[in-house]
Amino acid sequence: MKWSIVAVGKVKEAYYRDAIADYLGRLKHYRAIALHEVPEEKLVPGREAQVMRREAERIESACPPGLRIALTERGARVTTAELAAKLAQFEGQGASHLSFVLGGPQGLDPEFVRGAAWELSLSPLTFPYQLARLVLVEQLYRCETLRRGEPYHKA
């Protein structure tokens, strides 16, 4: 199964970009993974729903056919081991592609979220989108090493 991360906005800070690139490089030893960044809409007060809808249209265009995991604050809160098991479950369903979707500052469009295969929360805490993206790629890498019994994950 191939994976994609589809995220709203570009990471500007070099230290985040470098860390994200490092984990993406590590992940590529286990499976094909791509990062797709879609432009963030300018926030217009009172028009949050329209902003999220336009971003969702861009996200939908960037997502390859397959299953989608929406990352939201209301999503399932799981341990790394539970996440690894859930990813294995998706892989067992025979889908060829799995996209992890991160919204912009307003979050993801509710209609887009309803169409996702699963809704996942990285934490009950609020993170800047750059940090959320880094946490996601690190956890995906950790899940892959855990599934293979490698020593990176120490539970």
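Five helices and five strands make up this chain, and what you're looking at is a predicted model. Walk along from the N terminus and the elements come in the order β-α-β-α-β-α-β-α-β-α. Below is a quick tour: the overall build, then the two largest pockets, then a few residues to click on.

**Overall build**

- The chain has 155 residues and a radius of gyration of 15 Å, which agrees with the value near 15 Å that a compact globule of this length would have.
- If you draw a box along the principal axes, the C-alpha atoms fill roughly 50 × 35 × 25 Å.
- Of the 155 residues, 45% count as buried, and here buried means under 20% relative accessible area.
- Take the contacts between residues at least 6 apart in sequence: 83% of them join residues at least 24 apart.
- On the outside, the chain exposes about 8,100 Å², and carbon and sulfur atoms supply 52% of that area.

**The largest pocket**

- How much volume does the largest pocket have? It comes to about 510 Å³.
- A set of 21 residues lines the largest pocket; to find its centre on screen, look for L71, T72, E73, G104 and F127, the lining residues that lie nearest to it.
- Three elements give two or more residues each to this lining: β3 (67-77), β5 (118-121) and α5 (129-147).
- β3 is the biggest giver to the largest pocket, with four residues in the lining.
- Sorted by class, the lining of the largest pocket holds eleven nonpolar, eight polar and two charged residues.

**The second largest pocket**

- The second largest pocket offers about 170 Å³ of space.
- Its lining is made up of R77, V78, T79, T80, L83, L120, S121, L122, S123, V135 and Q139.
- Which elements each supply at least two residues of the lining of the second largest pocket? They are α3 (80-92), β5 and α5.
- The class split for the second largest pocket is five nonpolar, five polar and one charged.
- Note that β5 and α5 turn up in both pockets: each gives two or more residues to the largest one, and each supplies at least two to the second largest.

**Residues to click on**

- R74 sits in strand β3, the element that gives the most to the lining of the largest pocket.
- Is R74 buried or exposed? With a relative accessible area of 55%, R74 is exposed, because the cut-off for exposed is over 50%.
- R74 and L125 are 51 residues apart in sequence, yet their C-alpha atoms are 11 Å apart in space.
- T126 belongs to the loop between β5 and α5, and with a relative accessible area of 74% T126 is exposed too.
- From T126 to V101 you count 25 residues in sequence and 16 Å in space, C-alpha to C-alpha.
- R47 is found in the loop between β2 (33-38) and α2 (48-62).
- At a relative accessible area of 44%, R47 is partly exposed, so R47 falls between the under 20% cut-off for buried and the over 50% cut-off for exposed.
- R47 and R74 are 27 residues apart in sequence, with 22 Å between their C-alpha atoms.

Terms used
Residues are numbered from 1 along each chain as its sequence is written. This is a predicted model: local features need pLDDT of at least 70, side-chain atom pairs count only at pLDDT 80 or more; totals for chains, interfaces and linings use all residues. Side-chain values use heavy atoms; hydrogens and water are left out. On a 1 Å grid over the protein atoms alone, a cavity is a set of points where a 1.4 Å probe fits but cannot get out, and a pocket is an open set with protein on both sides within 12 Å along at least five of seven lines; lining residues have an atom within 4 Å of a point. Grid points are joined across faces, edges and corners, and a volume is the space filled by probe spheres set on the points. Ala, Val, Leu, Ile, Met, Phe, Trp, Tyr, Cys and Pro count as nonpolar, Asp, Glu, Lys and Arg as charged, and the others, Gly among them, as polar. The radius of gyration is taken over C-alpha atoms; the globule rule is 2.2 Å times the number of residues to the power 0.38. Buried means under 20% relative accessible area, exposed over 50%, partly exposed in between (1.4 Å probe, protein chains only). Contact means heavy atoms within 4.5 Å. Accessible areas come from the Shrake-Rupley method with a 1.4 Å probe; for residues, only the protein chains shown count as cover.
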